[in-house]
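Please walk me through this structure, beginning with a single residue and its surroundings and then moving on to the sheet and the helices that lie against it.

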Amino acid sequence: MKTIPAPNRNPFQLYFLVLFAFAITNCQLPNQDTAAKIVKADSISIWIQNAKNKSLNLENRKQALYKAYQQNTFQKNDSVKNSNLAKIAYEGYQLKDSVFFLKANLEAQKLSIKLRDTFGIADTHWSYGMYYLQKELNDSAYYHYYEAYKYFQVVKHEFFAGKMLYNMAIIQKDVKDYTGSEVLIFQAISIFKKLQKHNDLYLCYNLLGTIFNEIQEYNKSILYHSKALENLEKVEQKGTYKESSLNNLALVYQKQGDYKKAIEYFNKALKNKNLKNQDINHYSTLIDNLAYTKFLRGDTVNVLHDYNKSLNIRDSLNYISGVITSKLHLAEFYTKYADTVRAIFYAEEAHKLAEDVSNNRDVLASLLLLSKLDIKNASHYFKNYAALNESLLTEERKIRDKFTRIRFETDEYIEKTETLSEQKMMISLASVVAVLILSLLYFLKVQHAKNKELLFEKEQQKSNEEIYSLMLKQQSSLEEGRLKERQRISEDLHDGVLGKIFGTRLALGFLNIIGDDETITKHKLYVDELQNIEKEIRTISHELKNEILSSQTDFIKIIENLLNAQSEIGSFNFKIINNKAAWDTIDNKIKINFYRIIQEAIQNINKYAKAKNVKIEFDLINDSVCLYIEDDGVGFDNKSKSNGIGLKNMKSRVSKLNGNFEIRAAVNKGTKISIFVPVDTDNYEKSL
């Protein structure tokens with residue numbers, strides 16, 4: 001006994017019509033370049049048409065779709081590309097190529113997000129909903145329909161928002177959340193009534209009729225099925241909708257026990273002579289339902305013949321769910337005539353088929369029937385029935401709870417949106433003029449203050465640079481001796497004192513101190529304090545050494561000294577290449593920042609890279625001084641690894657010099673840093 005749901009329409013049809021109308025509205029005569037693009041677009045359309053061509057075999061249709069997808073990757077216009085992806089994804093769904101559909105639809109969703117195409121995002125969620133509903137993953141389908149509903153609301157597309165409500169209602173009906181389904185259906189009806197969408201009103205009333213039949217409110221069920229038929233009168237393309245409604249009305253009367261009325265409606269539906277050609281599956285369902293109703297009435301004339309006729313059609317269509325129903329009806333038929341062997345045979349076959357396709361409803365029906373027929377194994381069948389029934393009830397409760405949470409979020413989202421909209425409107429109406437005037441005055445004041453501040457900063461920066469330059473020139477002779485002494489002190493601190501403290505700390509750390517907890521704690525405290533002293537000395541040493549760069553001494557020599565010291569720590573070989581860079585003529589800002597960057601890079605190499613060879617190269621290309629830092633260390637995955645503080649500092653320094661920073665790295669292939677900075681210091685707008 002089957003309720004025949006009204007078929008869903010293609011969810012992409014209206015979307016493509018909208019895109020097509022937009023294209024026509026904005027069309028112009030193509031030039032040669034656009035003509036070439038049109039040819040490419042046409043080729044994609046041709047491949048998609050081939051994928052739709054049912055006269056081709058499945059493999060050829062899939063190959064055509066793959067070619068359309070491949071050709072679309074070369075499309076430069078993202079909006080057109082996204083439109084094609086939506087079509088391609090839908091055809092992948094139609095061809096039941098799950099992997100390809102998921103891939104194409106995901107790309108369409110990502111591109112829609114990039115383009116901020118809210119309608120496109122909603123459309124991809126709709127597609128996911130269809131896909132997961134087909135896979136009977138109701139919670140996933142419901143989630144995506146809900147997401148599509150929210151996005152359609154954002155773009156105020158009421159019609160599609162109503163369709164999402166209808167789709168969610170179907171899912172809730174399937175998991176027996178009848179109250180939730182009813183609420184959503186009435187929301188959808190209010191939308192479709194306003195838009196005069198009689199086809200969708202028919203679907204909604206038909207679903208309401210089915211729901212009330214399930215909860216045994218038969219009068220309401222008949223009322224809503226009748227309303228469905230009233231709306232159907234205003235629909236041009238009726239298809240087999242009328243026969244579906246007549247079937248559903250007949251089932252209501254069947255449940256009421258009014259078998260005469262039920263048979264009357266089944267016969268009305270079967271009066272359509274073209275039904276067998278229009279929808280043979282529907283035809284077989286009506287034959288089976290009519291035969292079962294006659295059986296319940298006690299009229300067995302031609303019942304067995306009709307059962308077998310329906311079974312043969314369903315079997316030829318590989319309509320497994322229908323085959324199961326037919327075999328259960330045959331089992332009941334033979335039970336009535338005490339042919340237990342045949343009854344058990346059909347019940348067992350129905351049970352096996354239901355388990356194979358995970359049709360839990362029919363598994364339960366077959367187990368219950370077998371528990372009555374097979375006396376020997378009745379206890380076994382009934383235990384399985386009870387366990388499965390309890391499991392399904394628990395699962396349905398969980399899913400209903402999920403849907404309740406999503407509904408709550410939906411209502412909360414709508415309520416907040418409406419509240420914010422009302423508040424915004426009230427505030428805008430009350431104070432629009434005052435806000436505009438105050439905003440204008442504030443903007444002018446802030447702009448004036450910013451201009452003054454920027455002018456002052458620019459003048460101050462210029463003055464500071466001039467003073468700095470004069471000081472460098474005046475003190476260059478004195479600075480050289482002072483800086484040499486600083487270098488000596490820095491090296492003594494770093495290589496001498498720091499090394500001794502480090503050795504002492506390590507020795508203390510390895511001592512096995514025996515004593516009370518206080519003594520051990522103090523020992524650890526002193527060791528930690530020694531480490532802090534090391535850090536302070538290292539900092540002082542680095543600060544002393546960094547001052548070297550403020551002089552006009554040989555920059556390359558300074559870099560060489562830095563690498564000499566660091567190579568001993570890291571045990572690596574280094575090479576310095578200076579191609580065209582004339583450091584005497586290059587601004588100190590660049591030299592200071594380059595020194596800091598090299599210092600940071602070498603520290604990273606010592607800490608992480610385990611490099612054997614390091615190369616530092618300077619060059620002058622198109623009025624830009626270039627720095628390359630390359631090592632053959634362990635490298636890293638530049639895509640997955642987030643930038644540390646060291647890399648961020650390097651980038652910040654290059655940015656202040658209006659330069660470009662690039663880093664290329666790969667696991668076990670080393671790292672290369674490339675920096676390009678313009679030599680013209682007049683372009684610098686940021687201070688150190």
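**A serine and a five-stranded sheet**

If neighbours within four places in sequence are left aside, Ser326 is in contact with Asp288, Ser310, Leu311 and Arg314. This is a predicted model, and Ser326 belongs to helix 17, which covers residues 320-336. With Arg314 there is also a polar contact, in which the two side chains are joined at 2.8 Å. The relative accessible area of Ser326 is 0%, and because buried means under 20%, this serine counts as buried.

Further along the chain, five strands form an open sheet, arranged in the order 1-2-3-5-4 and with mixed pairing. Strand 1 (573-578) and strand 4 stand at the edges with a single partner strand each, and therefore one side of each has no neighbour in the sheet. From one strand to the next, the twist averages 10°. Strands of a sheet pair through backbone hydrogen bonds, in either a parallel or an antiparallel sense.

The parallel sense is found between strand 1 and strand 2 (residues 613-621), which pair over six bridges, and here Phe574 stands opposite Val614 of strand 2. Helix 22 (residues 555-570) packs on the sheet at this place, where it touches strand 1 and strand 2, and its direction makes about 170° with that of strand 1.

Turning to strand 5, one finds antiparallel pairing with two strands. With strand 3 (residues 624-631), strand 5 pairs in the antiparallel sense over eight bridges, and within this pairing Glu630 has Lys672 of strand 5 as its bridge partner. With strand 4 (residues 660-665), strand 5 pairs in the antiparallel sense over six bridges, and in this case the bridge partner of Glu662 is Ser674 of strand 5. Strand 4 and strand 5 form a hairpin with five residues between the strands, and in that hairpin Asn668 takes a positive phi near 65°.

Why is strand 5 described as largely enclosed by the rest of the structure? The reason lies in its residues: six of the eight in strand 5 (residues 671-678) are buried, so the strand is largely enclosed. Helix 24 (residues 645-656) lies across strand 4 and strand 5, and its course runs at about 150° to strand 4.

How values were computed: Residues numbered from 1 in each chain as written. Predicted model: local features only at pLDDT ≥ 70, side-chain atom pairs only at ≥ 80, totals over all residues. Heavy atoms only, no water. Buried < 20%, exposed > 50% of the residue type's maximum accessible area, 1.4 Å probe, protein only. Helix = DSSP H or I, 4+ residues; strand = E, 2+ residues; numbered from the N terminus. Pairing = 2+ DSSP bridges. Axes fitted to C-alpha atoms, helices over the stretch in contact; angles between N-to-C directions. Contact = heavy atoms within 4.5 Å. Polar contact = N/O pair within 3.5 Å; in protein donor to acceptor, adjacent residues only side chain to side chain.
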